[in-house]
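Visitor: I should like to study this structure by asking about one feature at a time. May we begin once it is in view?

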Amino acid sequence: GTHLGGNTPFSLNITSALRSDGTDGEVKINIKCTDSSSVDKPAGKQLCRPGIYKGKGNLGTLYSNITGIWQTVWLEARSQQHLAGLQMVAKLEELDQWHLELQAEVATKAGETLELVATLFTDRSCRDPIGQSSTSVNDAKNVALQLLVPQKETKLWCPENPHLYGLQLHLQNQRGEMVDRVTSYAALRSVTCHGDQICLNGNPTFLRLVLDQGYYPDGLWTAPSSDHLRQDIVLAKKLGFNGARLHQKVFEPLYFAHADELGFLVFCEYPDWNGGWSNRWQVSSAYQSYLMEEWATLVRHLQNHPSILVWGIFNEFGPKNGWDRHHGPGGGFKRRYSAEESEAKIQKHKEFVQQTVQLVRKMDGQKRPIHDSSGWIHVSTDLWSFHDYEQKIERWSK
(Lines give C-alpha, C1' and ligand atoms only; values in the text may rest on other atoms or scores of the structure.)
Protein backbone atom coordinates (compact mmCIF):
# COMPACT_ATOMS: atom_id res chain seq x y z
CA GLY A 1 0.00 0.00 0.00
CA THR A 2 0.98 3.64 -0.38
CA HIS A 3 0.18 6.96 1.28
CA LEU A 4 0.90 10.56 0.30
CA GLY A 5 1.37 13.05 3.12
CA GLY A 6 3.56 13.57 6.14
CA ASN A 7 1.17 15.17 8.63
CA THR A 8 -1.88 12.96 8.95
CA PRO A 9 -2.43 9.31 9.98
CA PHE A 10 -3.27 6.39 7.75
CA SER A 11 -3.66 2.63 8.03
CA LEU A 12 -3.13 -0.28 5.66
CA ASN A 13 -4.61 -3.77 5.78
CA ILE A 14 -1.68 -6.19 5.46
CA THR A 15 -3.62 -9.43 5.97
CA SER A 16 -2.85 -10.58 2.44
CA ALA A 17 0.89 -10.31 3.16
CA LEU A 18 0.76 -12.76 6.07
CA ARG A 19 1.46 -16.47 5.75
CA SER A 20 -1.55 -18.51 4.71
CA ASP A 21 0.08 -21.96 4.61
CA GLY A 22 -0.25 -22.57 8.35
CA THR A 23 3.51 -22.48 8.95
CA ASP A 24 5.20 -20.39 11.60
CA GLY A 25 7.88 -17.85 10.90
CA GLU A 26 8.53 -14.15 10.81
CA VAL A 27 7.04 -11.86 8.19
CA LYS A 28 9.19 -8.82 7.57
CA ILE A 29 7.32 -5.58 6.98
CA ASN A 30 9.18 -2.80 5.20
CA ILE A 31 7.98 0.77 5.67
CA LYS A 32 9.69 3.27 3.39
CA CYS A 33 9.34 7.04 3.58
CA THR A 34 10.56 9.19 0.67
CA ASP A 35 11.02 12.92 1.24
CA SER A 36 11.53 15.67 -1.29
CA SER A 37 12.14 19.41 -1.26
CA SER A 38 9.41 20.07 -3.81
CA VAL A 39 7.58 23.38 -3.56
CA ASP A 40 4.38 21.36 -3.99
CA LYS A 41 4.88 19.95 -0.48
CA PRO A 42 3.77 21.93 2.58
CA ALA A 43 6.73 21.81 4.94
CA GLY A 44 6.06 24.22 7.79
CA LYS A 45 9.16 25.80 9.27
CA GLN A 46 11.57 23.36 7.61
CA LEU A 47 14.37 24.60 5.34
CA CYS A 48 14.10 23.63 1.69
CA ARG A 49 16.49 25.77 -0.34
CA PRO A 50 19.69 23.90 -1.27
CA GLY A 51 21.76 27.03 -0.61
CA ILE A 52 20.64 27.12 3.01
CA TYR A 53 21.62 23.49 3.48
CA LYS A 54 25.19 24.68 2.93
CA GLY A 55 24.88 27.39 5.53
CA LYS A 56 24.31 30.20 3.04
CA GLY A 57 21.74 32.88 3.59
CA ASN A 58 19.95 33.90 6.77
CA LEU A 59 16.39 32.77 7.31
CA GLY A 60 16.10 32.65 11.07
CA THR A 61 12.42 31.76 10.97
CA LEU A 62 13.12 28.42 9.29
CA TYR A 63 14.43 25.41 11.19
CA SER A 64 16.06 22.01 10.77
CA ASN A 65 14.55 19.52 8.32
CA ILE A 66 12.44 16.58 9.37
CA THR A 67 13.05 13.41 7.38
CA GLY A 68 11.62 9.94 7.58
CA ILE A 69 8.86 8.68 9.85
CA TRP A 70 8.38 11.03 12.78
CA GLN A 71 5.32 9.55 14.50
CA THR A 72 4.43 6.17 15.98
CA VAL A 73 3.98 3.07 13.81
CA TRP A 74 2.24 -0.01 15.23
CA LEU A 75 0.53 -3.27 14.34
CA GLU A 76 -3.04 -3.91 15.46
CA ALA A 77 -5.10 -7.07 15.03
CA ARG A 78 -8.79 -6.45 14.54
CA SER A 79 -11.86 -8.25 13.34
CA GLN A 80 -13.15 -7.87 9.83
CA GLN A 81 -16.12 -6.21 11.51
CA HIS A 82 -14.94 -3.30 13.63
CA LEU A 83 -15.40 0.33 14.61
CA ALA A 84 -13.50 2.35 12.04
CA GLY A 85 -14.25 5.89 13.19
CA LEU A 86 -16.32 8.06 15.50
CA GLN A 87 -17.51 11.65 15.49
CA MET A 88 -18.79 13.15 18.76
CA VAL A 89 -20.73 16.41 19.06
CA ALA A 90 -22.01 17.77 22.37
CA LYS A 91 -25.23 19.75 22.02
CA LEU A 92 -27.29 21.81 24.44
CA GLU A 93 -31.04 21.61 24.03
CA GLU A 94 -33.79 23.46 25.90
CA LEU A 95 -33.96 23.42 29.70
CA ASP A 96 -30.19 22.93 30.02
CA GLN A 97 -30.35 19.39 28.65
CA TRP A 98 -27.07 18.25 27.11
CA HIS A 99 -26.65 15.24 24.89
CA LEU A 100 -23.90 13.64 22.82
CA GLU A 101 -24.53 12.95 19.16
CA LEU A 102 -22.38 10.06 17.95
CA GLN A 103 -21.75 9.23 14.31
CA ALA A 104 -19.96 5.88 14.10
CA GLU A 105 -18.24 4.43 11.07
CA VAL A 106 -18.47 0.64 11.10
CA ALA A 107 -16.72 -1.90 8.90
CA THR A 108 -19.35 -4.58 8.27
CA LYS A 109 -19.73 -7.93 6.54
CA ALA A 110 -22.40 -8.16 3.86
CA GLY A 111 -25.59 -9.85 5.02
CA GLU A 112 -24.80 -9.86 8.74
CA THR A 113 -26.53 -7.66 11.32
CA LEU A 114 -24.64 -6.26 14.29
CA GLU A 115 -25.65 -4.19 17.28
CA LEU A 116 -23.64 -1.13 18.33
CA VAL A 117 -23.94 -0.17 22.00
CA ALA A 118 -22.61 3.11 23.43
CA THR A 119 -22.32 3.66 27.19
CA LEU A 120 -21.49 6.93 28.93
CA PHE A 121 -19.83 6.94 32.37
CA THR A 122 -19.41 9.60 35.05
CA ASP A 123 -15.65 9.75 34.44
CA ARG A 124 -12.78 8.01 32.67
CA SER A 125 -12.65 5.16 35.18
CA CYS A 126 -15.73 3.78 33.35
CA ARG A 127 -17.17 2.34 36.57
CA ASP A 128 -20.49 4.20 36.95
CA PRO A 129 -22.68 4.31 33.82
CA ILE A 130 -25.07 7.26 33.42
CA GLY A 131 -26.45 6.64 29.93
CA GLN A 132 -26.67 4.07 27.19
CA SER A 133 -27.91 3.87 23.61
CA SER A 134 -27.84 1.20 20.91
CA THR A 135 -28.67 0.71 17.26
CA SER A 136 -28.64 -2.03 14.64
CA VAL A 137 -25.91 -2.07 12.03
CA ASN A 138 -26.63 -3.75 8.72
CA ASP A 139 -24.86 -2.88 5.49
CA ALA A 140 -24.73 0.82 6.36
CA LYS A 141 -21.23 2.06 7.13
CA ASN A 142 -22.34 5.07 9.19
CA VAL A 143 -24.82 4.90 12.03
CA ALA A 144 -26.05 7.52 14.50
CA LEU A 145 -26.56 7.30 18.25
CA GLN A 146 -27.58 9.80 20.90
CA LEU A 147 -26.62 9.76 24.59
CA LEU A 148 -28.57 11.96 26.98
CA VAL A 149 -26.59 13.37 29.89
CA PRO A 150 -28.60 13.53 33.15
CA GLN A 151 -28.78 17.12 34.36
CA LYS A 152 -27.40 16.19 37.77
CA GLU A 153 -24.34 14.70 36.02
CA THR A 154 -23.73 17.68 33.75
CA LYS A 155 -20.18 19.00 34.05
CA LEU A 156 -18.91 21.33 31.36
CA TRP A 157 -15.33 21.09 30.15
CA CYS A 158 -13.28 24.25 30.75
CA PRO A 159 -9.68 25.13 31.76
CA GLU A 160 -10.67 25.40 35.41
CA ASN A 161 -12.47 22.04 35.42
CA PRO A 162 -11.62 19.91 32.36
CA HIS A 163 -14.10 17.15 33.11
CA LEU A 164 -14.00 14.10 30.86
CA TYR A 165 -16.71 11.44 30.76
CA GLY A 166 -15.83 7.82 30.11
CA LEU A 167 -17.21 6.35 26.90
CA GLN A 168 -17.35 2.76 25.70
CA LEU A 169 -18.63 1.42 22.40
CA HIS A 170 -18.91 -2.22 21.51
CA LEU A 171 -20.13 -4.21 18.56
CA GLN A 172 -21.86 -7.53 19.09
CA ASN A 173 -23.28 -10.07 16.67
CA GLN A 174 -26.73 -11.68 16.75
CA ARG A 175 -25.41 -14.38 19.09
CA GLY A 176 -24.45 -11.73 21.64
CA GLU A 177 -20.72 -12.20 21.03
CA MET A 178 -18.57 -9.09 21.16
CA VAL A 179 -16.65 -8.52 17.92
CA ASP A 180 -15.04 -5.17 18.77
CA ARG A 181 -14.82 -2.72 21.67
CA VAL A 182 -13.41 0.79 22.00
CA THR A 183 -12.87 2.74 25.24
CA SER A 184 -12.56 6.50 24.95
CA TYR A 185 -13.79 9.71 26.58
CA ALA A 186 -16.06 12.63 25.80
CA ALA A 187 -16.63 16.18 27.00
CA LEU A 188 -19.43 18.73 27.08
CA ARG A 189 -18.44 22.16 25.81
CA SER A 190 -19.31 24.71 23.15
CA VAL A 191 -17.19 27.26 21.29
CA THR A 192 -18.75 30.28 19.58
CA CYS A 193 -17.86 33.79 18.43
CA HIS A 194 -19.95 36.77 19.55
CA GLY A 195 -18.77 40.14 18.29
CA ASP A 196 -15.13 40.45 19.23
CA GLN A 197 -15.29 37.67 21.83
CA ILE A 198 -14.57 33.95 21.72
CA CYS A 199 -17.00 32.25 24.08
CA LEU A 200 -16.43 28.92 25.79
CA ASN A 201 -19.72 27.44 27.05
CA GLY A 202 -21.34 30.82 26.38
CA ASN A 203 -18.82 32.76 28.48
CA PRO A 204 -16.32 35.23 26.95
CA THR A 205 -12.83 33.74 27.34
CA PHE A 206 -9.62 35.75 27.29
CA LEU A 207 -6.98 33.77 25.42
CA ARG A 208 -3.41 34.05 26.65
CA LEU A 209 -1.64 31.74 24.23
CA VAL A 210 1.97 30.71 23.81
CA LEU A 211 3.28 30.07 20.28
CA ASP A 212 4.40 26.44 20.38
CA GLN A 213 6.66 25.37 17.50
CA GLY A 214 6.75 21.71 18.58
CA TYR A 215 10.50 21.25 18.07
CA TYR A 216 12.74 19.16 20.34
CA PRO A 217 16.57 19.15 20.60
CA ASP A 218 16.94 15.43 19.95
CA GLY A 219 14.01 14.49 17.71
CA LEU A 220 13.06 17.81 16.07
CA TRP A 221 9.34 17.18 15.38
CA THR A 222 9.45 13.93 17.38
CA ALA A 223 9.09 14.35 21.15
CA PRO A 224 11.26 12.04 23.30
CA SER A 225 8.20 10.72 25.16
CA SER A 226 4.59 11.32 26.07
CA ASP A 227 5.79 12.89 29.33
CA HIS A 228 7.65 15.57 27.37
CA LEU A 229 4.45 16.50 25.53
CA ARG A 230 2.59 16.76 28.82
CA GLN A 231 5.40 18.76 30.43
CA ASP A 232 5.21 21.37 27.66
CA ILE A 233 1.60 22.05 28.68
CA VAL A 234 2.33 21.98 32.41
CA LEU A 235 5.15 24.52 32.03
CA ALA A 236 3.05 26.80 29.83
CA LYS A 237 0.27 26.83 32.44
CA LYS A 238 2.79 27.60 35.20
CA LEU A 239 3.88 30.65 33.19
CA GLY A 240 0.30 31.90 33.12
CA PHE A 241 -0.83 30.76 29.67
CA ASN A 242 -4.20 29.07 29.25
CA GLY A 243 -3.49 27.70 25.80
CA ALA A 244 -1.22 27.52 22.78
CA ARG A 245 -1.21 28.25 19.11
CA LEU A 246 0.29 25.04 17.70
CA HIS A 247 2.36 26.62 15.00
CA GLN A 248 3.16 25.17 11.56
CA LYS A 249 2.84 21.55 12.66
CA VAL A 250 0.10 18.95 13.19
CA PHE A 251 0.86 17.85 16.74
CA GLU A 252 0.82 14.25 17.92
CA PRO A 253 -2.53 12.79 19.06
CA LEU A 254 -1.03 12.30 22.54
CA TYR A 255 -0.50 16.04 22.84
CA PHE A 256 -4.20 16.70 22.36
CA ALA A 257 -5.08 13.96 24.85
CA HIS A 258 -2.91 15.70 27.46
CA ALA A 259 -4.47 19.06 26.56
CA ASP A 260 -7.94 17.56 27.01
CA GLU A 261 -7.01 16.23 30.44
CA LEU A 262 -5.24 19.40 31.62
CA GLY A 263 -7.75 21.92 30.29
CA PHE A 264 -5.41 23.58 27.78
CA LEU A 265 -6.97 25.58 24.92
CA VAL A 266 -5.31 25.19 21.52
CA PHE A 267 -5.42 26.54 18.01
CA CYS A 268 -4.80 23.51 15.78
CA GLU A 269 -2.78 24.47 12.72
CA TYR A 270 -1.08 22.91 9.71
CA PRO A 271 2.45 23.32 8.26
CA ASP A 272 1.28 25.21 5.18
CA TRP A 273 4.55 27.02 4.46
CA ASN A 274 6.48 25.40 1.62
CA GLY A 275 10.02 26.00 2.76
CA GLY A 276 10.48 29.64 1.81
CA TRP A 277 10.40 28.88 -1.91
CA SER A 278 7.31 30.60 -3.25
CA ASN A 279 5.61 33.90 -2.65
CA ARG A 280 2.80 33.64 -0.14
CA TRP A 281 0.20 34.56 -2.75
CA GLN A 282 0.96 31.90 -5.35
CA VAL A 283 0.95 28.12 -4.94
CA SER A 284 0.64 25.27 -7.42
CA SER A 285 -2.48 23.19 -8.05
CA ALA A 286 -0.59 20.14 -6.70
CA TYR A 287 0.09 22.02 -3.47
CA GLN A 288 -3.59 22.96 -3.20
CA SER A 289 -4.75 19.35 -3.65
CA TYR A 290 -2.17 18.08 -1.16
CA LEU A 291 -3.15 20.62 1.49
CA MET A 292 -6.90 20.18 1.15
CA GLU A 293 -6.65 16.39 1.31
CA GLU A 294 -4.59 16.56 4.50
CA TRP A 295 -6.93 19.11 6.10
CA ALA A 296 -9.88 16.78 5.48
CA THR A 297 -8.01 13.92 7.17
CA LEU A 298 -6.80 16.18 9.98
CA VAL A 299 -10.30 17.34 10.94
CA ARG A 300 -11.75 13.83 10.70
CA HIS A 301 -8.97 12.53 12.94
CA LEU A 302 -8.81 15.27 15.60
CA GLN A 303 -12.26 16.87 15.78
CA ASN A 304 -13.36 15.03 18.95
CA HIS A 305 -10.75 16.74 21.15
CA PRO A 306 -12.43 19.38 23.37
CA SER A 307 -9.11 21.20 23.80
CA ILE A 308 -9.14 22.27 20.13
CA LEU A 309 -10.80 25.67 20.17
CA VAL A 310 -10.00 26.95 16.66
CA TRP A 311 -8.80 25.58 13.32
CA GLY A 312 -5.93 27.71 11.97
CA ILE A 313 -5.66 26.90 8.27
CA PHE A 314 -2.87 29.15 6.96
CA ASN A 315 -0.11 31.29 8.39
CA GLU A 316 0.78 34.66 6.86
CA PHE A 317 -0.89 33.76 3.59
CA GLY A 318 -0.98 36.37 0.87
CA PRO A 319 1.39 39.35 0.53
CA LYS A 320 2.47 41.03 3.75
CA ASN A 321 0.77 44.41 4.36
CA GLY A 322 -1.88 43.78 1.73
CA TRP A 323 -2.32 43.52 -2.02
CA ASP A 324 -1.80 47.25 -2.62
CA ARG A 325 1.00 47.91 -0.13
CA HIS A 326 3.41 45.02 -0.46
CA HIS A 327 6.88 46.16 -1.58
CA GLY A 328 8.90 43.06 -0.72
CA PRO A 329 11.82 41.44 -2.59
CA GLY A 330 11.65 41.70 -6.37
CA GLY A 331 9.25 44.62 -6.18
CA GLY A 332 6.72 42.74 -4.10
CA PHE A 333 3.25 41.90 -5.31
CA LYS A 334 2.20 45.43 -6.24
CA ARG A 335 4.86 46.16 -8.84
CA ARG A 336 5.54 42.68 -10.20
CA TYR A 337 2.46 42.16 -12.37
CA SER A 338 0.15 44.00 -14.69
CA ALA A 339 -3.27 45.03 -13.41
CA GLU A 340 -4.90 42.09 -15.20
CA GLU A 341 -2.36 39.58 -13.87
CA SER A 342 -2.70 40.96 -10.34
CA GLU A 343 -6.46 40.65 -10.38
CA ALA A 344 -6.30 37.06 -11.65
CA LYS A 345 -3.82 36.05 -8.95
CA ILE A 346 -5.86 37.73 -6.22
CA GLN A 347 -9.01 35.93 -7.37
CA LYS A 348 -7.23 32.56 -7.53
CA HIS A 349 -5.83 33.09 -4.03
CA LYS A 350 -9.23 33.98 -2.61
CA GLU A 351 -10.92 30.99 -4.21
CA PHE A 352 -8.36 28.58 -2.76
CA VAL A 353 -8.73 30.02 0.75
CA GLN A 354 -12.53 29.98 0.51
CA GLN A 355 -12.58 26.37 -0.73
CA THR A 356 -10.34 25.22 2.12
CA VAL A 357 -12.38 27.08 4.75
CA GLN A 358 -15.61 25.58 3.35
CA LEU A 359 -14.07 22.09 3.44
CA VAL A 360 -13.05 22.42 7.11
CA ARG A 361 -16.47 23.83 8.08
CA LYS A 362 -18.18 20.90 6.38
CA MET A 363 -15.92 18.30 7.99
CA ASP A 364 -16.11 19.61 11.57
CA GLY A 365 -19.23 18.45 13.36
CA GLN A 366 -18.50 20.77 16.29
CA LYS A 367 -18.46 23.88 14.03
CA ARG A 368 -15.48 25.52 15.68
CA PRO A 369 -14.40 29.02 14.69
CA ILE A 370 -11.97 29.12 11.77
CA HIS A 371 -8.90 31.32 11.48
CA ASP A 372 -8.29 31.46 7.74
CA SER A 373 -4.82 33.00 8.03
CA SER A 374 -2.88 34.13 11.04
CA GLY A 375 -1.73 37.59 10.02
CA TRP A 376 -1.59 39.29 6.61
CA ILE A 377 -4.56 38.66 4.28
CA HIS A 378 -8.00 37.55 5.52
CA VAL A 379 -10.52 36.17 3.04
CA SER A 380 -13.10 34.08 4.94
CA THR A 381 -12.54 34.05 8.68
CA ASP A 382 -14.20 34.07 12.09
CA LEU A 383 -11.14 35.65 13.71
CA TRP A 384 -9.26 38.74 12.58
CA SER A 385 -5.58 38.85 13.44
CA PHE A 386 -2.44 40.79 12.62
CA HIS A 387 1.21 40.21 13.43
CA ASP A 388 3.24 42.83 15.27
CA TYR A 389 6.72 42.01 16.48
CA GLU A 390 7.32 45.12 18.56
CA GLN A 391 9.76 44.13 21.31
CA LYS A 392 9.64 47.28 23.44
CA ILE A 393 6.80 46.71 25.86
CA GLU A 394 6.49 50.40 26.78
CA ARG A 395 5.26 51.21 23.26
CA TRP A 396 2.20 49.04 23.80
CA SER A 397 0.97 51.39 26.51
CA LYS A 398 0.81 54.38 24.14
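Visitor: Is the crossing of helix 2 and helix 3 left-handed or right-handed?
Guide: Helices (H or I, at least four residues) and strands (E, at least two) are DSSP runs numbered from the N terminus. A crossing is left-handed if the near helix is turned anticlockwise from the far one by less than a right angle, and right-handed if clockwise. By this convention, the crossing of helix 2 and helix 3 is right-handed.

Visitor: What kind of model is shown here?
Guide: Residues are numbered from 1 along each chain as its sequence is written, and side-chain values use heavy atoms, leaving out hydrogens and water. Local features need pLDDT of at least 70, side-chain atom pairs count only at pLDDT 80 or more, and totals for chains, interfaces and linings use all residues; the model is predicted.

Visitor: Are helix 2 and helix 3 parallel or oblique to each other?
Guide: Helix 2 covers residues 226–238 and helix 3 residues 253–262; they pack at about 40°, with their axes 9 Å apart. Here, axes are lines fitted to C-alpha atoms over the stretch in contact, and angles run from 0 to 180 degrees between N-to-C directions. Angles under 35 degrees count as roughly parallel, over 145 as roughly antiparallel, 65 to 115 as roughly perpendicular and the rest as oblique. Helix 2 and helix 3 are therefore oblique.

Visitor: How many nonpolar residues does the contact of helix 2 with helix 3 have?
Guide: Helix 2 contributes S226, L229, R230, I233, V234 and K237, and helix 3 contributes L254, Y255, H258, A259, E261 and L262, where contact means heavy atoms within 4.5 Å. By class, three residues of the contact between helix 2 and helix 3 are charged, two are polar and the nonpolar ones number seven. Ala, Val, Leu, Ile, Met, Phe, Trp, Tyr, Cys and Pro count as nonpolar, Asp, Glu, Lys and Arg as charged, and the others, Gly among them, as polar. The number of nonpolar residues in the contact of helix 2 with helix 3 is thus stated as seven.

Visitor: Which residues of helix 6 does helix 4 meet?
Guide: Helix 4 (residues 285–302) and helix 6 pack at about 20°, their axes being 9 Å apart. That makes helix 4 roughly parallel to helix 6. Y287, Q288, L291, M292, W295, A296, V299 and R300 of helix 4 meet, in helix 6, K348, F352, Q355, T356, L359, V360 and M363.

Visitor: Where does D364 lie?
Guide: With a relative accessible area of 1%, D364 is buried (buried means under 20%, exposed over 50%, partly exposed in between, with a 1.4 Å probe and protein chains only). Beyond its neighbours within four places in sequence, D364 is in contact with V299, Q303 and W311. Its position is the loop between helix 6 (339–363) and strand 15 (370–376).

Visitor: Which residue meets D364 in a salt bridge?
Guide: A salt bridge is a side-chain nitrogen of Lys or Arg within 4 Å of a carboxyl oxygen of Asp or Glu. Both D364 and its partner R368 are buried. At 2.9 Å, N to O, the side chain of D364 meets that of R368.

Visitor: How far apart, N to O, are E101 and K91 in their salt bridge?
Guide: E101 belongs to strand 2 (residues 98–107) and K91 to strand 1 (residues 82–92), ten residues apart. E101 is partly exposed at 28% relative accessibility, and K91 is partly exposed at 34%. The N to O distance of E101 and K91 is 3.5 Å.

Visitor: What is the phi of Q248?
Guide: Q248 is placed in the loop between strand 12 (243–246) and helix 3. Its relative accessible area of 1% makes Q248 buried. Although Q248 is not a glycine, its phi is positive, at about 55°.

Visitor: In which strand is E316 found?
Guide: E316 is not a glycine, yet it has a positive phi of about 45°. At 9% relative accessibility, E316 counts as buried. E316 is found in strand 14.
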